[in-house]
Each structure stands twice: as structure tokens, then as C-alpha cells.
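Reader: Hey, I've just opened this one and I'm new to it. Mind if I throw some quick questions at you?
Author: Go ahead.

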Amino acid sequence: MVSRGALRDAAGPGERRHVLCRLEEIPPGTVGGFRAGGRRIAVARLEDGSLRAVADTCPHQAARLSLGSIERMWVSDTPGTHRQSENRNVLLCPWHGFEFDLETGGDPCVPGRPDLRLKTYRVEVEDGEVAVYH
Amino acid sequence: MTDILRGERSGQRRGGRESSTSVVDVDVHEMLTSIEDLAPYLDEPWRSRIVVNDGYKGPPGNPYSFPQPTGVAIQDAVTDDGSPAGSKLELVREQVLDRYGIGPAILISLFHPTDHQIQPEFATALASAYNDWVRENWLDKDDRLRSSITVAAQEPKDAAREIDRVGSDPRFVQVILPAVAHHVFGRPFYRPIFEAAQRNGLVVAFHQSGGTRTAVGLPPYYIEWHTAISQAWQSQLIGLIAGGVFDEFEELKVAMIESSWTWVPHLMWRFDYNYRSLRREVPWVRRLPSEYIRERVRFSTQPMEYPEDPGDLYRMFEMIGSDDFLMFATDYPHWDFDSPEQALPHAFPRELREKILSTNARDFYGF
């Protein structure tokens, strides 16, 4: 059992710990939306159970990304064929379907474009609670 | 450096041979006097099809009657013996190559067996005959000329064999395909053509043909068709990218000839935007569509738009985001011919004029 004080100490310089929910409130393959410390944050739980946290506002037209969906990114080796990536996961905006790489927050095909990048957050599961730090 | 590249006019005839600083023209049309010109280059049973009275007259041409005083040709290019404008090498020399000191100039065939959608073996034989005719009657007679390889694209494997047959001649610099509306060349069916082009280090170019249609097919008037036909190049370009042709053939380069070019910013924006939403449908397309266009596709200047403020044209150019994408073309001998002395407004900086009039095509085709 980790003490509350120890968890508060886990925050880095300039960071605060924000508890969002219990882990079971975000089933694998889903994404939840939260407010924490004045920010909207989307927390995605991948199929393997791990979590990713990004800004919950689409940089395109400000849709709530947590109302969208997550999936292993569709890729292809040959024109006309489709398969899902083993290790790349994307969040799809509920409005226009823009994809965001859940590792980097960037557009998976234009990783260098800053205006299409979501801020990413450190997210941890601590004592069964989902916590983000910022 | 020639005075044309500097944006100056000498008023003198230039003549002579090509040089590393002469203007390059990527769209000159060589014309058959009649299809019987191909007879010496055809074997039987195909030869008889064109030499008999009441025989085959050629693939379907432009279906419109031309409202201009001298038909599809500029008046200067009209011949005195009734043969088609563009069918006499001496006039091409006098009115294009010598007049503007042009060289190389790329011949763009308007003879498209692809538009002969029936009798596939005959169409393939016509393409081979045409390439041999061009080689003997044009390329061998003026070393400033380069040419496009004519194919019957409806038989892609045969087209690839033809590309391999003549592609080793360095004077053939590209494969020409008609910007048709009935099929998308980005479909897997046509892969052998692009594979052969890449194998031979050739560009694949698109130009309108008798099979070019607008989004509404053939509208009532020629002016409608001519204003709207860029839709055909747009659809083919979109098809090449969405079909994964650039991903599959990583060395392939494409030229859009006489498509006009001011629509390119719109298409790039629209396509990139849609790609962000719809990429999952075509995951084999690995980059933003605009990146393929900037890196792998070039456009001819002609037909240049003519806005009231020439600065608008330059601003459109800047929006595309590449100084390399545009190559000068006259479209001789047609009525919408552009002069290298006049086509580029002075809003285009001098160093850019040189690129558009000469360097961009040299770099693209490797002259």
C-alpha cells in the first residue's frame, strides 16, 4: 500500500498529481474525458490495459476527443490490403476522424506538424486510481 | 544565359543548337499527315487495316468542331498543302526551336491508341508503329527533340513491352498517357506501365486526348469542355496517389502536361484534409498527398492563366510551396500556344524564370 503522501511526492518539479477515476471506469479499448487542474484530459486504455493521456480538445475544431474512439492504427504493406498495427495506437476525433498517435500526440502521418499535435500527459495507475501529472 | 531566361526580349531570331541555358519546351505536338504515314512501320495483318481505301482513319479525336478561324492551330502554323499543323518539322524548327532558341523540346503525341478501346492487338501495333515513325521522322532529324512513348494502355503488359522496346533510346524521355475520364490509371490493372516506366528511368506524363471528358462528360460547347478538362488530370493525379502508385514505385515521376496548374493548391489542401480523416481507407498511402505532388509531380506552364493582376498568378505559385514544380511549355501548334517571351509575368522573380523556363525540366528529365 502506497501512502497518499508518497503519491503526492511522485509529482515532479512544477507538477501536481490529479486523480481522475478508478481504473475500472475506463475499460480496455475505451477513452474517458476528465477535467483536472483546469485542463481537459482524455485518457485512453489500450487493449493491453495500459493507459495514455492526451489533451481532450481536437486542435482542428475543438471537438471533445474523449467522445471519439481508439484503435490499433490501420496500416498496409501492399496497396489494396489492410492490417492493424501491432504497436501503434491512435485516437480518432469523433467529428472529422483525424487520427492522433497516442504515444506522441502527433498526427501519425505528419509527426512534425505542431498545430496538429496533442499535449501528452504522464498517467499512472496508483492504488487502483488513475492519476495524471501536470 | 539567354535573354528570354532573364526576361528580356532581343527581337532577334536565335537559331542554332541547344545549350545548357536554352529554353526547354515540354509540350510540342508532332502530327501525322495521315494515319497512312504509319504503314511502313506496321506488319500484317495490321498494315492492310490502314492502307486500304475506306480503311481505319485513326483513334477518335477531339469530338468538337473548333470555333477558331484556323481550327485547333495558331494561324502561323497552318500549312500551305493542307496537312495538319505540326506535321512539318521545318515549321516546328522555324516557329519554335529556332525562333526562341529552344532545346530540348519534348514531343507529346496526340495519337493515343489507348482511345481505341477495341481490337487490343491492333491498338498495341499502332502504338509501336507510331514510336518507330517518331524516331525516324522526328528524333533522327533534329537532335534538339525528345519524345514520349506512345502506348495502348488498355493492354498494360503489352504497353510495358513497348516501353522496354524503345525505352533504351535516351531520346524517349517519358511515357505518355491520355487524361481519360473512363478509367483511373492508379488501379492495379495498370501497374505494368508504371513498373516499366520506372525500370527504364522514364517519366509518366498525362495529356488530354479525344477521350478526355469533364465531370459532366461532353458539355454542349468547346469552351465549356476546354475550361473544365483539368478535372480529368485532377482525377488521374488523385487516383495515382490514392492507388499507392507512388508508394509502390518509389522512383516514379509524373508530369501533368497542359493540365493548367493553378488548381494545384486547392487539390493539395483538399486532399491533405481528407487524408487526415480518411487515411484508414487507403493505409498504403504513407504520406500526405501534397508531399508526393511536390516531390514527384511536375506541371507544364501552358495554358497559363491570365489574371488582371499578374501578382495573383505568382501568389498561386507560391502557395504550392515548391520552386521546382513548373516547367515551360508552348503547346505548339495549338491556338492556346504560349510564347516563352511572354508567358511568365514579371511578377515572377528573375531566378525563378530561369528555373521554370529551363532548369526545372532539365533537372526533372535529366537533360
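Reader: Okay, which side chain does K88(B) meet in a salt bridge?
Author: That would be D81(B), with N and O 2.8 Å apart. A salt bridge here is a side-chain nitrogen of Lys or Arg within 4 Å of a carboxyl oxygen of Asp or Glu. One caution early on: this is a predicted model, where local features need pLDDT of at least 70 and side-chain atom pairs count only at pLDDT 80 or more, while totals for chains, interfaces and linings use all residues. Residues are numbered from 1 along each chain as its sequence is written, chains are lettered from A and ligands numbered from 1 in the order in which they are written, and side-chain values use heavy atoms, with hydrogens and water left out.

Reader: Is D81(B) buried or exposed?
Author: In between: D81(B) is partly exposed, at 47% relative accessible area. Buried means under 20%, exposed means over 50%, and partly exposed is what lies between, using a 1.4 Å probe and protein chains only.

Reader: How many salt bridges are there over all chains?
Author: The structure has 32 of them over all chains. One pairs E291(B) with R287(B), at 3.0 Å from N to O. E291(B) is partly exposed at 21%, and R287(B) is also partly exposed, at 26%.

Reader: And which residues are linked in a network of salt bridges?
Author: In chain B, D132(B), R135(B), D140(B), E162(B), R165(B), D169(B) and R171(B) are linked that way.

Reader: What about chain A? What does E103(A) form a salt bridge with?
Author: Its partner is R52(A), and the closest N and O atoms are 2.6 Å apart. E103(A) sits in the loop between strand 7 (99-101) and strand 8 (120-126) of chain A, and R52(A) in strand 4 (residues 51-55), so the pair ties together parts 51 residues apart in sequence. Helices (H or I, at least four residues) and strands (E, at least two) are DSSP runs, numbered from the N terminus. E103(A) itself is partly exposed, with a relative accessible area of 43%.

Reader: Switching topic: how many residues of chain A are in contact with chain B?
Author: 23 residues of chain A are in contact with 15 residues of chain B, where contact means heavy atoms within 4.5 Å.

Reader: What's the area buried between chain A and chain B?
Author: About 1,500 Å², with carbon and sulfur atoms giving 52% of it. Buried area is the accessible area (1.4 Å probe) that two parts lose on being put together, summed over both. On the chain A side, P79(A), F98(A) and C109(A) lose the most area to chain B, together 32% of what that side buries.

Reader: How many salt bridges does the rule find across that interface?
Author: Three between chain A and chain B. One joins E71(A) and R280(B), at 2.7 Å from N to O. Strand 5 (residues 69-75) of chain A gives the largest share of the chain A side that touches chain B, namely four residues.

Reader: Which kinds of residues make up that side of chain A?
Author: The side touching chain B divides into nine nonpolar, nine polar and five charged residues. Ala, Val, Leu, Ile, Met, Phe, Trp, Tyr, Cys and Pro count as nonpolar, Asp, Glu, Lys and Arg as charged, and the others, Gly among them, as polar.

Reader: You mentioned C109(A). How many disulfides does the structure hold?
Author: Zero, over all chains. A disulfide is a pair of cysteine sulfur atoms within 2.5 Å.

Reader: Why is there no bond for C109(A)?
Author: Because the closest cysteine sulfur, in C58(A), is 15 Å from the sulfur of C109(A), too far for a bond. C109(A) counts as buried, at 13% relative accessibility.

Reader: And C58(A), how far is the closest cysteine sulfur?
Author: The sulfur in C93(A) is 3.9 Å away from that of C58(A), which is also too far for a bond. C58(A) is buried, at 3%.

Reader: Last topic, the backbone. Where is there a cis peptide bond?
Author: One runs from E44(B) to P45(B), with omega near 10°. P45(B) is in the loop between strand 1 (23-28) and helix 2 (46-51) of chain B. A cis bond also joins Q302(B) and P303(B), with omega about 0°.

Reader: What's phi like at E258(B)?
Author: Near 65°, a positive value in a residue other than glycine. Most residues other than glycine have a negative phi. E258(B) is in the loop between strand 6 (254-256) and helix 10 (264-278) of chain B, and E258(B) is buried, at 5% relative accessible area.
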